[in-house]
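Work through the exercises below with the structure open beside you, and try each task before you read its solution.

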Amino acid sequence: MVKLPIYMDNHATTRLDPRVLEAMLPYFSEKFGNAASRNHAFGWEAEEAVEKARATIASLLNAKSKEIIFTSGATESDNLAIKGVVEFYREKGNHIITCVTEHKAVLDSCRALERLGKAEVTYLPVDKYGMVDPDDVRQAITDRTVLITIMYANNEIGTIHPVAEIGKIAKDKGILFHCDAVQAVGKIGVDVERDGIDLLSLTAHKIYGPKGLGALYVRSRGPRVRLAPIIDGGGHERGMRSGTLNVPGIVGFGAACEIAAAEMAAEARRLTDLRNKLQAGVFERLDEVYLNGHPTQRLPGNFNVSFAYVEGESLLMGISDIAVSSGSACTSATLEPSYVIRALGVGEELAHSSIRFGLGRFNTEEEVDYVVDRVAKEVKRLREMSPLYEMAREGIDLKSVQWRTD
Ligand code: PLP
């Protein structure tokens, strides 16, 4: 028997790994020192723990310790990278290149700069799999471009962008490349040297670490990246991010990265198998289901799918013992279909019927079997109540129907 409810929303957040919790616990109690207290043993102990975690995090990215700046999460890292670069390099230019399926932390940072008149932004489209074309990046570059910001892997559809190609283009043109790698770090190999990344955002809570703890990788050589801080204060983190460090959180982040480095390859294989089983099960049991995202260049645990003739929100309510996400975000009174799914060229109806399954470390094969069965039954039940599905089954072309509006 599987234990309910089942958590399958691992792109939203992940459960803290018990090994991470264990590593953190002493730093909430007896090891409580401030890492910036340079003149006593409590401070030295905290600083040592922070520096050990920093080295572990850096090594997962093939970076150097001093290139890791701790933040409150990837939202702050994205803000710091984008706003910090635009502010520091304003003499050089003000043009940013990004893409329409980025996380809001990137898009809204860009929009905020546009609103203030501090930047001009090019939002590149994606193909039907959600992938950006490196040629589009190349063509968008102007002599005012200071930053390219493209994510590693998308949080809704799992599509992995051709990051190394984009990194090479940026390098050839002498433009800084920021990558929001929140969903990729610890799941697939990320290497700032191989991928030509100058700034990289990551966060602990997507890799079985604590919430509220993130980092920004800032390249120190070839080129040395400079940033204007967005938080001023005591000059912590080499002046780029002031504020007393969250020592237990940082220790947890380090532990999470250490586990990821050791287990990532095997875990990716296991999650790919589980995901493929989930996908195959859904496709076998149901007609009119459509994959959102890239068939192969996709995160191991990601399965985003549209069930035609079914409202994603109704499906979510019907399978309330399974925690997944729908492609509709409740904004005030209206249900907006996901901008990421819409960017693939998917129609509004199919976007509304999309569901994101996010498999993670603690999911089991039994859970996948349960989910396939539960979802297939619920989709069939909802479709039985759908006149549109009935009409489509009878061969009526719904686009040709003239609906009465009175
Ligand atoms: N970027 C991406 C791609 C994400 O998936 C998330 C998490 O939702 C974030 C940024 C924001 O991260 P955080 O929750 O650490 O602020």
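**Exercise 1.** In this predicted model, find which residues Thr71 is in contact with, leaving aside its neighbours within four places in sequence, and decide whether Thr71 is buried or exposed.

*Solution.* Begin by locating the residue: Thr71 belongs to strand S2, which covers residues 68-71. Next, list its contacts beyond the four nearest places in sequence, which are Glu76, Ser77, Gly212, Leu213, Gly214, Ala215, Leu216 and Arg241. Two residues of this list can then be looked at in more detail: the side chain of Ser77 is joined to the side chain of Thr71 by a polar contact of 2.9 Å, and the backbone nitrogen of Ala215 is reached by the side chain of Thr71 at 3.5 Å. Finally, turn to accessibility: Thr71 has a relative accessible area of 4%, and because buried means under 20%, Thr71 counts as buried.

**Exercise 2.** Work out the order of the strands in the open sheet of 7 strands, and explain why one side of S2 and one side of S4 are left without a neighbour in the sheet.

*Solution.* Reading across the sheet, the order is S2-S8-S7-S6-S5-S3-S4, and the pairing is mixed. S2 and strand S4 (120-124) stand at the edges and have a single partner strand each, so each of them has one side without a neighbour in the sheet. From one strand to the next, the twist averages 20°.

The mixed pairing can be followed strand by strand. Strand S3 (residues 95-99) and strand S5 (residues 145-149) are paired in the parallel sense over 3 bridges, and within this pairing His95 has Thr145 of S5 as its bridge partner. S2 and S8, by contrast, run antiparallel and are joined by 4 bridges, with Leu216 in S8 as the bridge partner of Ile69. S7 and S8 are also antiparallel, over 5 bridges, and here Val218 in S8 stands opposite Leu199.

**Exercise 3.** Decide which residues cover the two faces of S8, and explain why S8 is largely enclosed by the rest of the structure.

*Solution.* Take the two faces in turn: on one side lie Gly214, Leu216 and Val218, on the other lie Ala215 and Tyr217, and all of these are buried. Then count along the strand: 5 of the 5 residues of S8 are buried, so S8 is largely enclosed by the rest of the structure.

**Exercise 4.** Identify which residues touch the most other members of the largest nonpolar core, and explain why this core lies between domain 1 and domain 2.

*Solution.* This core has 66 residues, and those touching the most other members are Leu61, Phe70, Ile148, Tyr152, Phe177, Leu200 and Phe253. Helix H7 (residues 247-285) supplies the largest share, 9 residues. Domain 1 (6-11 + 263-400) and domain 2 (18-259) both contribute residues, so the core lies between them.

To see one member in its surroundings, take Leu61, which, not counting residues up to four places away in sequence, touches Ile68, Val185, Val190, Asp191, Val192, Leu200, Leu202 and Tyr217. There is also a second, separate core of 28 residues, and among its members are Val282, Val324, Phe357 and Val379.

**Exercise 5.** Find how far apart Leu398 and Gly243 are in sequence and in space.

*Solution.* Leu398 lies in the segment after helix H12 (387-393). Along the sequence, Leu398 and Gly243 are 155 residues apart, while in space the distance is 58 Å, C-alpha to C-alpha.

Definitions and conventions. Residues are numbered from 1 along each chain as its sequence is written. This is a predicted model: local features need pLDDT of at least 70, side-chain atom pairs count only at pLDDT 80 or more; totals for chains, interfaces and linings use all residues. Side-chain values use heavy atoms; hydrogens and water are left out. Buried means under 20% relative accessible area, exposed over 50%, partly exposed in between (1.4 Å probe, protein chains only). A polar contact is a pair of N or O atoms within 3.5 Å; within protein, one must be able to donate a hydrogen and the other to accept it, and residues adjacent in sequence count only if both atoms are side-chain atoms. Contact means heavy atoms within 4.5 Å. Two strands pair if DSSP finds at least two bridges between them. Axes are lines fitted to C-alpha atoms, for helices over the stretch in contact, and angles run from 0 to 180 degrees between N-to-C directions. A nonpolar core is a set of buried Ala, Val, Leu, Ile, Met, Phe, Trp, Tyr and Cys residues joined through side-chain atoms within 4.5 Å. Domain bounds come from an automatic or database domain assignment.
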